[in-house]
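Please open the model in a viewer and keep the sequence panel visible. The tour below proceeds by selection, one stop after another.

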Amino acid sequence: MEKHVVKVINTAFVTHNVKRFTLQKPVGYTFISGQATDVSINKPGLEDELRPFTFTCLNSDDHLEFTIKIYKGHNGITEKLLDVNAGDELIVHEVFGAINFKGPGLFIAGGAGLTPFISILRQLKKDNRLAGNKLLFANHTEDDIIIKDELNEMLDGNHIDIISEPKSGKPGKRIDKDLLKQHLMETGNYYYICGPDPFVAQIKDDLVDLGVPKEQIVIEE
Ligand SMILES: Cc1cc2nc3c(=O)[nH]c(=O)nc-3n(C[C@H](O)[C@H](O)[C@H](O)COP(=O)(O)OP(=O)(O)OC[C@H]3O[C@@H](n4cnc5c(N)ncnc54)[C@H](O)[C@@H]3O)c2cc1C
């Protein structure tokens, strides 16, 4: 099994429960934006506790970056990542993942499901190819929106937040068939979906009902 011990260079919270890890990059380690790897913590007893996380940096960067939602109170691995900071070590493994950019389209993310799209959108920005792409980003509250300023800057009016429990007390919104209908793209465009499994399954079904060909729907299988 491919295995690289990498030092954490820096960590920072990007929302109240999402932590960004910047890591050294192993020599010759490459990936395509949208791909992921299994990560473990290089501490006694945790080395073999592998969890999948998506690269949020670019392949051309000289470091690796992960953007990880921490589930406090679960006693899982993300909670243990609270105690992983600069100078500590993680272990990264083989690169895998089916989500990658196939052409302009609608990116539909739920919460931490944004992560593959962070790398894809950053790469499109670098390549000056962001035009024609749109993001629907579902979160519980405004405080859950990851890298809101960067998304606004990259996508301008094409970053649309869908908040289910707005802090204002106004009625919340969800990504349902009616909303998707309003945001259908031009024929031939792609629909990228990432988030909790029920979210992905529902949106995929809704898009198919709306006439989107299955071949134009990109999800992690
Ligand atoms: C290909 C892939 C890429 C991924 N990339 C990322 C990424 O870049 N960033 C990221 O943040 N996550 C990502 N994930 C999700 C991430 O792998 C999981 O959140 C992580 O493995 C959780 O590990 P844990 O040990 O902390 O689990 P736990 O803390 O035990 O559980 C976390 C998960 O289980 C659910 N859960 C567990 N117990 C309960 C409970 N009692 N009640 C309700 N829900 C519960 C949570 O909703 C959550 O989904 C990715 C997943 C896949 C498959």
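**The two domains**

The C-alpha centres of domain 1 and domain 2 lie 24 Å apart. To display them, select residues 3-96 for domain 1 and residues 105-218 for domain 2; these bounds come from an automatic or database domain assignment. This is a predicted model, in which local features need pLDDT of at least 70 and side-chain atom pairs count only at pLDDT 80 or more, while totals for chains, interfaces and linings use all residues. Residues are numbered from 1 along each chain as its sequence is written, and side-chain values use heavy atoms, with hydrogens and water left out.

**The interface**

Next, select the residues of each domain that are in contact with the other (heavy atoms within 4.5 Å). Domain 1 supplies 16 residues to this contact and domain 2 supplies 13 residues. Between domain 1 and domain 2 about 1200 Å² is buried, and carbon and sulfur atoms give 58% of that area. Buried area here is the accessible area (1.4 Å probe) that two parts lose on being put together, summed over both. Within domain 1, pick Ser33, Thr56 and Leu58: they lose the most area to domain 2, together 34% of what that side buries.

Now show Arg122 and Glu65. These two residues form a salt bridge, with their closest N and O atoms 2.9 Å apart. A salt bridge requires a side-chain nitrogen of Lys or Arg within 4 Å of a carboxyl oxygen of Asp or Glu, and the rule finds one across the interface of domain 1 and domain 2. Strand S5 (residues 63-69) provides the largest share of the side of domain 1 that touches domain 2, namely three residues. Strands are DSSP runs (E, at least two residues), numbered from the N terminus.

**His93**

Move to His93, which is found in strand S6 (residues 89-96). His93 counts as buried at 2% relative accessibility, where buried means under 20% relative accessible area (1.4 Å probe, protein chains only). Its side chain reaches the backbone oxygen of Asp38 at 2.8 Å. Leaving aside residues up to four places away in sequence, the residues that His93 touches include Met1, Tyr29, Val39 and Leu50.

**The cysteines**

Finally, select Cys57 and Cys194. How many disulfides does the structure hold? There are zero disulfides, a disulfide being a pair of cysteine sulfur atoms within 2.5 Å. The sulfur of Cys194 is 16 Å from the closest cysteine sulfur, in Cys57, and is therefore too far for a bond. Cys57 is buried, with a relative accessible area of 1%, and Cys194 is buried with a value of 15%.

Conventions:
Buried < 20%, exposed > 50% of the residue type's maximum accessible area, 1.4 Å probe, protein only. Helix = DSSP H or I, 4+ residues; strand = E, 2+ residues; numbered from the N terminus. Polar contact = N/O pair within 3.5 Å; in protein donor to acceptor, adjacent residues only side chain to side chain.
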